[in-house]
Amino acid sequence: MKKFPFSRPRRNRLHDWSRRLTSECTISVGDLILPFFLVDGSNKKQAIKSMPGIYRYSLDNLLKEIEKVAKKNIPAIALFPNIENILKTPDGSEALNYDGIIPKAIYKIKKEFPDLGLMTDIALDPYTSHGQDGIINDMGYVLNDETVKILKKQALLHAEMGADIVAPSDMMDGRIGVIREALEENKNTLTKIMAYSAKYSSNFYNPFREAVGSSANLGKFDKQSYQMNPANSDEALIEVGLDINEGADMLMIKPGLPYLDIIHIIKKQFKMPTFAYQVSGEYSMIKSASINGFLDEKKIVLETLISFKRAGCDGVLTYFALSAADWIKDN
Ligand code: PBG
């Protein structure tokens, strides 16, 4: 019998150098995508109450923020609009306006920052008067195929204006295939699709809905007839399998931290570029606890980011990306 104890896993944990040397994964600036909220007009910087420290910017101010992103060498940003209520309609037609804030912003951002990855949201909720991600019938049910037809046009418009990645976040069936086919037919053969494949019907999205201005319109309704049931994991594999077959280049799981098990099984099974969205509610929890002095923001954020990597993520969409980029460097 061996003498107690020859195996001492603590040996490797003693020094900073040995901890770094035996670390199984790392987080780098190259793993980050920063989401931004955009409003019309100029010289605007609007606070979002439920997301302290995050703002909606008009394009002129957004470009200054993007300058910081580019300086820190963060690879990509994601854009979400907040449009005025008077522009919202039951069919979300403003989403297809060539002069709308997103198409104009895509064009301008790509012109000024050609080397920065630009990802755009394909969904109708910021544009509909009822706050749903698609068009609805008399019962309030979101109509799948009718919605997909509009999403296809929205994706084509974004690709045409220069978006590098179109990211359908709507959870309609069959939308990846329809968008991929349309992009190919349009000779947008290099436009990438990041599919929000496993997007759960989550209460962690509430602050985002304040940010894009859809919460009041959505009212008491929810998105359970199209976003996934938090109780399910096999279903996530089905969704991902479909999206890959339909032509997705990258996959996303959303929210992040409560769904690390889903990230893990998806990466293990499909080996695709896989991303987590550390969503608005996750941001708000960490930020508000930090503001109160209950948590150390830097340490908590770095711990969550490394957890995403350990679970199998290639990258993370996070509202913390700007500060995380600094913290990663001095870590
Ligand atoms: C909607 C969309 C949502 C988010 C991204 N796209 C919210 C929703 O489904 O209601 C959430 C992002 C976040 O909470 O940070 N198409």
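## Two cysteines and a ligand

Cysteine 25 counts as partly exposed, since its relative accessibility is 22%. Keep in mind that this is a predicted model. Here are three exercises to get you started.

**Exercise 1.** Work out which class, buried or exposed, cysteine 313 belongs to.

*Solution.*
- Step 1: look up the relative accessible area of cysteine 313, which is 4%.
- Step 2: compare with the cut-off, where buried means under 20%.
- Step 3: cysteine 313 is therefore buried.

**Exercise 2.** Find out how many disulfides the structure holds, then check cysteine 25 and cysteine 313 one by one.

*Solution.*
- Step 1: the count of disulfides comes to 0.
- Step 2: take cysteine 25, whose nearest cysteine sulfur belongs to cysteine 313 and sits 10 Å away.
- Step 3: turn it around, and for cysteine 313 the nearest cysteine sulfur is that of cysteine 25, again 10 Å off.
- Step 4: a disulfide needs the two sulfur atoms within 2.5 Å, so a pair at 10 Å doesn't make the cut. Cysteine 25 is in no disulfide, and cysteine 313 is in none either.

**Exercise 3.** Describe what surrounds the ligand, and say how much of its accessible area the protein covers.

*Solution.*
- Step 1: start with the neighbours. There are 18 residues around the ligand, and Arg209, Lys223, Lys254, Ser280 and Tyr319 come nearest.
- Step 2: sort that shell by type, and you get 8 nonpolar, 3 polar and 7 charged residues.
- Step 3: pick out some polar contacts. Tyrosine 319 has a side-chain N or O atom 2.6 Å from an oxygen atom of the ligand. Glutamine 227 puts a polar side-chain atom 2.8 Å from a ligand oxygen, while aspartate 125 has one 3.0 Å from a ligand nitrogen.
- Step 4: now the cover. On its own the ligand has 400 Å² of accessible area, and the protein covers 100% of that.
- Step 5: finish with the space itself, as the ligand takes up the largest cavity.

Conventions
Residues are numbered from 1 along each chain as its sequence is written. This is a predicted model: local features need pLDDT of at least 70, side-chain atom pairs count only at pLDDT 80 or more; totals for chains, interfaces and linings use all residues. Side-chain values use heavy atoms; hydrogens and water are left out. A residue is near a molecule or strand if one of its heavy atoms lies within 4 Å of it. A polar contact is a pair of N or O atoms within 3.5 Å; within protein, one must be able to donate a hydrogen and the other to accept it, and residues adjacent in sequence count only if both atoms are side-chain atoms. Accessible areas come from the Shrake-Rupley method with a 1.4 Å probe; for residues, only the protein chains shown count as cover. On a 1 Å grid over the protein atoms alone, a cavity is a set of points where a 1.4 Å probe fits but cannot get out, and a pocket is an open set with protein on both sides within 12 Å along at least five of seven lines; lining residues have an atom within 4 Å of a point. A molecule sits in a cavity or pocket if more than half of its atoms lie within 2 Å of its grid points. Ala, Val, Leu, Ile, Met, Phe, Trp, Tyr, Cys and Pro count as nonpolar, Asp, Glu, Lys and Arg as charged, and the others, Gly among them, as polar. Buried means under 20% relative accessible area, exposed over 50%, partly exposed in between (1.4 Å probe, protein chains only).
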